[in-house]
Amino acid sequence: MPNVSTRLCLATALAFAVAPSAATRAADPPADIVIGSILPLTGPSAQTGAGLKAAQELAADLVNGHVSYPLPAVGQNGIPGLGHARIKLVFADSQGKPDQARAAAEELITQDHAVALIGAYISSTTATASQVAERYGIPFLNPDSSAPSLTQRGLKWFFRATPNDATFAQNFYDFLADLKTTKKIAIHKVAVVNEDGLFGTGSGDAEESIGKSSGYDIVARIPYPATTTEVNAEVEKIKSAAPDVLMMSSYLPDALLFMRGLKDQAVAVQSIFGQDAGFIDPGFIRTEGDDAEGVFTREVFSLDIKQRNKSVPLIDQLFRARFGGKPLDGNTARDFTGVLVLADALDRAHSTDPASIRAALIKTNIPGNRTLMPWKSIHFDPSGQNDGGVGIIEQIQNGKYETVWPFDVAVKAVVWPMPAWKH
Amino acid sequence: METLTTFAQLVAGGLLTGLVFALVALGLTLVYGVMDVVNFAHGEFLMLAMYAALGLGLLGIDLFAGLPLVAAALFLFGIVVYRVFVRRLLAGPPEATVFGTFGLLVLLQGTAQALFSSDYFSAPNRPLQGTVHLGPIALEQSALAEGFGALVLTGLVYAFVEYTESGRAMRAVAEDRIAATLMGINVQRINALAFGIGSACVGAAGALLMLSYPVYPTVGAQFALTAFVVVALGGFGSIEGALIAALLVGLLEVLGGFYLSPELKMVPVYLAYLAVVLLRPQGLLGRR
């Protein structure tokens, strides 16, 4: 046995030793283009980080490969605009901590000579890492952080492909407006309930201000501490405000507490709109069972988008093969897309000079149906925010999340109002 | 009438919340009372108990049948932790127990994260998910069960400490360790027993909390902070003090949440805590 493996090793080593020289004979291959990626690879978000890494690697491999899909920048054996140079992702761990993310960005720029950065998922880590990129004048593409404040900092080198929590709040009101025209459902009174961290406050503020400016009556605004273990007072406040619709930004434990409290107090609302997070956690339906029926939540992605782009199930299969059979989800689809956005800009830049890449990013204009996402387009406004971003709205029907809006990717009709609480 | 009903509902909700806090704080106050050790990993013991109850639930053992098993498992775990770890800390300088148990917190949390991921899990087929109506007041059955459990456990621990031989020995150790040793009390054995019983209490609390709460690696922190306030407010080491303080904290939190703002609901709790610390540092029912 040792003989066989030794021979195998030798053969492999030989193959590697020969390969580059054969290539050199043809023509000098262009050097790999280094893109630095900052992700939470250890710490509480390590599992999410591992998925994001797999998704980015898949995207890079498709860019460097020859199989084409209805997606930007893939299947052209690297970046055509740069002599088919291959892109190479170098990963650095943020541990989910802002200070580590800053150090990771510094290292990727100064040690690895990354020409652009991508990352970093957790909003607070994206904030610090992108400050470093700004200082060095290196483009930073953020595919996956949703705190509205990130694009309100006046940074020149920061681009965010994902819609943010303000967009998602706007989507809820767009959905309500669509319901009014198509189903004659008239909603007036809205209560906004949110955990009081960065995420909840950002989306709660947007829901309140957009609601007011769209002519809705915001009958209650209820911020609460995310770490609370009971919501007695919050539920009583909702009950006395008697809203038609409840908009909630909560993590899972608090979302469950609210659902229990609303049911116990028999608070009758026409519907509950959850901002992702706790309402999209697998534990939500598992725990709530029938009580979850009719609840809406916004998502950033759904496999239902195959209606619009037929590569969605194909990319999903490729991703599953690499990531233990787990399906593509909102986070991984966005990170996959982020790498393609950078590859597209590199191609048009015809240069790895950061300023040229930035100029190309500013001119990005990818139609939504050429992406895995439900977006109208990818195009950056002067703040660096993709102004073509849209979320989708799903409703829990028969124990499953079904896409019900935007109507062009919907697979099920809206059920309104949600069923009465069963006691 | 409407406001009166709301008030009654809030008071009932606050008292039940308080009983849940009492349930979690009981083990902490017992351990402190006997050996002057604040176990910073108390919340992580609760987390372990919740995972244990979840595990039993997945094996088809329901939460009530699982409760004594979880309590027994935590009792043994507590004894082992005392014998292997805390005993050595007690031999060092006083701050050794602070850093030592804090280290245990980090270790247990990290281990849980590695083993169970940071996902949330609720027990399967939880019993008592209905609502009890008392006139206009609606109460969760699960919260009533947790509150009842808190009262029973507090009663049991109180009776044990007051009326049994070992309990008397515990009080003797709490009062004067050296004198107790001279009287022939095996302090190590009593300490281990107190740590074990304290852990068993938090084990029972964890099993009961699974009626209404999901488990995840950092769940302990949510409850432990309030438990520390309850124990300090009631008087470190006072069992009945912890119960009264917990009810007070529950009421202040819920009423403060409604009449001030939910965001500020912990403010009256911490104000009460500050006032007690300033005016009566030994706590409401504390000795010394």
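Here is a chat between a student and a tutor about a predicted two-chain model.

Student: Before we dig in, what pLDDT do local features need here?

Tutor: Residues are numbered from 1 along each chain as its sequence is written, and chains are lettered from A and ligands numbered from 1 in the order in which they are written. This is a predicted model where totals for chains, interfaces and linings use all residues, side-chain atom pairs count only at pLDDT 80 or more, and local features need pLDDT of at least 70.

Student: At what angle do α2(B) and α3(B) pack?

Tutor: Helices here are DSSP runs (H or I, at least four residues), strands are runs of E with at least two, and both are numbered from the N terminus. Axes are lines fitted to C-alpha atoms, for helices over the stretch in contact, and angles run from 0 to 180 degrees between N-to-C directions. The axes of α2(B), residues 42–58, and α3(B), residues 63–91, are 9 Å apart, and the angle is about 135°.

Student: Which word describes how α2(B) lies relative to α3(B)?

Tutor: Under 35 degrees counts as roughly parallel, over 145 as roughly antiparallel, 65 to 115 as roughly perpendicular and the rest as oblique. The helices pack at about 135°. That makes α2(B) oblique to α3(B).

Student: How do the residues of the contact of α2(B) with α3(B) divide by class?

Tutor: Contact means that two C-beta atoms, placed from the backbone, lie within 7 Å. The α2(B) side includes Phe45(B) and Leu56(B), and the α3(B) side includes Leu69(B) and Val70(B). For classes, Ala, Val, Leu, Ile, Met, Phe, Trp, Tyr, Cys and Pro count as nonpolar, Asp, Glu, Lys and Arg as charged, and the others, Gly among them, as polar. The split is 10 nonpolar, 2 polar and no charged.

Student: And α9(B) with α11(B): is that crossing left-handed or right-handed?

Tutor: Their axes come within 9 Å and cross at roughly 35°. A crossing is left-handed if the near helix is turned anticlockwise from the far one by less than a right angle, and right-handed if clockwise. α9(B) passes α11(B) in a crossing that is left-handed.

Student: Which residues of α11(B) make the contact with α9(B)?

Tutor: By class, this contact has 7 nonpolar, no polar and no charged residues. α9(B) brings Val229(B), Ala232(B) and Leu233(B), while α11(B) brings Val269(B), Ala272(B), Tyr273(B) and Val276(B).

Student: Which element gives the most to the side of chain B that touches chain A?

Tutor: The contact takes 28 residues from chain B and 27 from chain A. On the chain B side, α1, β2, α9 and α10 each supply at least two residues. With 6 residues, the one that gives the most is α1(B).

Student: Over in chain A, how many residues of α11(A) are buried?

Tutor: Buried means 20 or more other C-beta atoms within 10 Å of a residue's own, exposed means 12 or fewer, and partly exposed is in between, with C-beta atoms placed from the backbone. The helix is mostly covered, and the count is 17 of its 20 residues.

Student: How far apart are the end C-alpha atoms of α11(A)?

Tutor: The expected span is 1.5 Å times one less than the number of residues. For the 20 residues of α11(A), that should give 28 Å, and the end C-alpha atoms agree at 28 Å.

Student: What is phi of His350(A)?

Tutor: Most residues other than glycine have a negative phi, and most peptide bonds are trans. His350(A) sits in the loop between α11 and α12 of chain A. It is partly exposed, with 14 other C-beta atoms within 10 Å. Its phi is positive though it is not a glycine, at about 55°.

Student: Where is Leu128(B), which has a positive phi near 55°?

Tutor: Leu128(B) is partly exposed, with 16 other C-beta atoms within 10 Å. Its place is the loop between α4 and β1 of chain B.

Student: Which residue does a cis peptide bond join to Trp416(A)?

Tutor: Omega of that bond is about -10°. The partner lies in the segment after β14 of chain A. It is Pro417(A).
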